[in-house]
Amino acid sequence: EQLYIRFCYNKTKTFKESDSTQNEFLSVLLHVIDRVPAKEGQESLQQFLRVTPSEGKVTNEDARALWLETEKSLRTQKNIIDGLDIPQSEKDKMNLAIPPAEEDDHAGPPLDRGVYEMIIMKQKG
């Protein structure tokens, strides 16, 4: 629902086809489906997208807001799953391997930026 409202509902063709919109969509999509931990000492996806502070980069407040909204959606789904009256083994199958942030204003665990960077570089080339 978040993806539909953010990227499709009442949006112009120009908005949908812009590079910035496509990059935002990709960042949300990978945020949800490519939850691989960042390698120790490497810049995380959150830092790469300027969602969290990193040396020499200013935080992008729009990107941060979108990221936190996605984390909130993931957390809501996790809470729904955790509240189901089913065995824990079944809940574990439904929950993400890397859980979302527990606090509202936290960007969650550092995620690997490799897939995002690879797609963006391919798009530019």
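In this predicted model, K57 is partly exposed, since its relative accessibility is 33%. The side chain of K57 forms a salt bridge with E43, and the closest N and O atoms of the two are 2.9 Å apart. E43 is likewise assigned as partly exposed, at 24% relative accessibility. K57 lies in the loop between α4 and α5 and E43 in the loop between α3 and α4, so the salt bridge ties together parts that are 14 residues apart in sequence. Salt bridges with shared partners extend beyond this pair and join E43, K57, R113 and E117 into one network.

The count of salt bridges in the model comes to 9. Side chains of opposite charge can pair when their charged atoms come close. Two further pairs connect helix α5 with the loop between α6 and α7. In one of them, R64 and D105 meet with an N to O distance of 3.3 Å. R64 belongs to helix α5 and D105 to the loop between α6 (88–94) and α7, so this salt bridge ties together parts that are 41 residues apart in sequence. R64 is buried, because its relative accessibility of 16% falls under the 20% limit. D105, in contrast, is exposed, with a relative accessible area of 57%.

The other pair is formed by R75 and D104, whose closest N and O atoms are 2.8 Å apart. Here too distant parts of the chain are linked: R75 is in helix α5, D104 is in the loop between α6 and α7, and 29 residues separate them. R75 is buried, with a relative accessible area of 11%, whereas D104 is exposed, at 58%. In both pairs, therefore, a buried arginine meets an exposed aspartate.

The backbone at R50 was also examined. Most residues other than glycine have a negative phi. R50 is not a glycine, yet its phi is positive, at about 65°. This residue lies in the loop between α4 (45–48) and α5. With a relative accessible area of 35%, R50 is partly exposed.

Pockets were considered next. The largest pocket holds about 360 Å³ of space. Its lining consists of 20 residues, and those nearest the centre are S27, L49, N60, A63 and Y116. Helices α3 (19–33), α5 (61–82) and α7 (114–124) each contribute at least two residues to this lining. By residue class, the lining of the largest pocket comprises 10 nonpolar, 5 polar and 5 charged residues.

The second largest pocket has a volume of about 260 Å³. It is lined by 13 residues, of which E1, Q2, L3, V32 and S73 are the closest to its centre. Two or more lining residues come from each of α1 (2–7), α3 and α5. Helix α5 provides the largest share of this lining, with 5 residues. The lining of the second largest pocket divides into 7 nonpolar, 4 polar and 2 charged residues. Helices α3 and α5 thus supply residues to the linings of both pockets, and helix α5 also carries R64 and R75.

Technical notes: Residues are numbered from 1 along each chain as its sequence is written. This is a predicted model: local features need pLDDT of at least 70, side-chain atom pairs count only at pLDDT 80 or more; totals for chains, interfaces and linings use all residues. Side-chain values use heavy atoms; hydrogens and water are left out. On a 1 Å grid over the protein atoms alone, a cavity is a set of points where a 1.4 Å probe fits but cannot get out, and a pocket is an open set with protein on both sides within 12 Å along at least five of seven lines; lining residues have an atom within 4 Å of a point. Grid points are joined across faces, edges and corners, and a volume is the space filled by probe spheres set on the points. Helices (H or I, at least four residues) and strands (E, at least two) are DSSP runs, numbered from the N terminus. Ala, Val, Leu, Ile, Met, Phe, Trp, Tyr, Cys and Pro count as nonpolar, Asp, Glu, Lys and Arg as charged, and the others, Gly among them, as polar. Buried means under 20% relative accessible area, exposed over 50%, partly exposed in between (1.4 Å probe, protein chains only). A salt bridge is a side-chain nitrogen of Lys or Arg within 4 Å of a carboxyl oxygen of Asp or Glu.
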